[in-house]
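Let us walk through this model together, beginning with how neighbouring strands line up and then stepping back to the chain as a whole.

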Amino acid sequence: MVDTRFHAPAAPQPLMALLKSLELAEQVDDLRARSLMVVGAHELALAGEGHVALAAHRDYLPDLLTTSAGAVVVSPSLKESVPATSLALVAARPQELFVELLHRLYPGNTRRVLAGPLLNSRPAVLEDAVEIGANVVIGPGVEIGSGTVIGPNTVIGAGVAIGRDCVIGANCTVDCAYLGNRVVLHPGARIGTEGFGWVDFTRSNRKIPQLGRVILQDGVEVGANSTIDRGALGDTVVGEGSKIDNLVQIGHNCRIGRNCLIAGMVGLAGSTTIEDEVLIGAGAGTAGHLTIGRGSVIYARSGVSKDVPPGSRVAGAPAEDVRDWRRGIAAVRRLSERGGK
């Protein structure tokens, strides 16, 4: 569910009351809408009886079939795939309806960096031997472990937890995040920024509330001026021992495994999954909602547009097996040489 350390939920309310506030009550004839108490929103795979979840298109289908959500906002094509235990809220534009529900379930301003909704009465807790640089701002409810160093001009948002023996460089911002032990953030790193999520594309470009978190496990290192967006609902996770170079963008809800190396200028679109021990060369990029298998190598400047099996080595745009890519380059070169004679 949405972490209340960072975002305050409204009081539990019947689903029918939510639908009435959107003038949609007459469109739902399922009697369960009157008795179902909604406590918040969650991802399909993790939602429980009191949650509303979203299934906007067929990429959601595997999780939709097994969800335990009390209600699911779905496109018409997915209505028949909603489990009998869940109530289907069918909408031609499901993401837009879901956004309206999120605004009612989490009515606070989700863009306030230091305004921890449930933590304003809690002071920050710093263990022994924490070093704080000049002009550092630490929000309410922050927890920082012993031996951690916070560089000058850094902002630590409300409720953030930072482990022991970490090094947080100058001019960093950390919001809606949990950092493990021995995490290193180089100067200018931005952790927990809003994900790039919008509805009503090109018309009103309305922001989808970004209510998730960032989890950086033990030993993670993030380069200068790199950005890791928090999840839209769930978590953006970087696994233990993974190292991220400078000027890298990691989108919301990405999952990066253990001991990965990601070189500079890489861009990972939202919900990309990187399994353990993957190497990604400089300037590579991924489309969203795909998986790069364990032990794979993504060569520099590659454009990954589909799932990559474990142990693969891919190059080019769109990315393909590096041997096929090299053969293609050689063939083009031979054709070019022949044309010039």
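Two strands are said to pair if DSSP finds at least two bridges between them. Keep in mind, as you look, that this is a predicted model.

With that in hand, start at strand β16, residues 177–179, which runs parallel to strand β21, residues 213–216, and is joined to β21 by three bridges. Within this pairing, Ala177 sits opposite Val214 of β21. Now move across to the other partner: β21 also pairs with strand β24, residues 235–238, again in the parallel sense, through four bridges. Here Leu216 is the residue of β21 to find, as Leu216 stands opposite Val238 in β24.

Now zoom out. These strands belong to a protein chain with five helices and 37 strands. The radius of gyration of the chain is 22 Å, close to the 20 Å that the globule rule gives for 341 residues, so the chain is as compact as a globular protein of that length. Along the principal axes, the C-alpha atoms fill a box of roughly 75 × 55 × 35 Å.

How much of the chain is buried? Buried residues account for 48% of the 341 residues. Turning to contacts between residues at least 6 apart in sequence, 27% of them join residues at least 24 apart.

Finally, consider the surface and the charges. The accessible surface of the protein chain is about 15900 Å², and carbon and sulfur atoms contribute 53% of that. The chain carries 33 positive and 34 negative charges, and the mean positions of the two sets lie 6 Å apart.

Technical notes
Residues are numbered from 1 along each chain as its sequence is written. This is a predicted model: local features need pLDDT of at least 70, side-chain atom pairs count only at pLDDT 80 or more; totals for chains, interfaces and linings use all residues. Side-chain values use heavy atoms; hydrogens and water are left out. Helices (H or I, at least four residues) and strands (E, at least two) are DSSP runs, numbered from the N terminus. The radius of gyration is taken over C-alpha atoms; the globule rule is 2.2 Å times the number of residues to the power 0.38. Buried means under 20% relative accessible area, exposed over 50%, partly exposed in between (1.4 Å probe, protein chains only). Contact means heavy atoms within 4.5 Å. Accessible areas come from the Shrake-Rupley method with a 1.4 Å probe; for residues, only the protein chains shown count as cover. Lys and Arg count as positive and Asp and Glu as negative; His and the chain ends are not counted. The place of a charge is taken as NZ of Lys, CZ of Arg, CG of Asp or CD of Glu.
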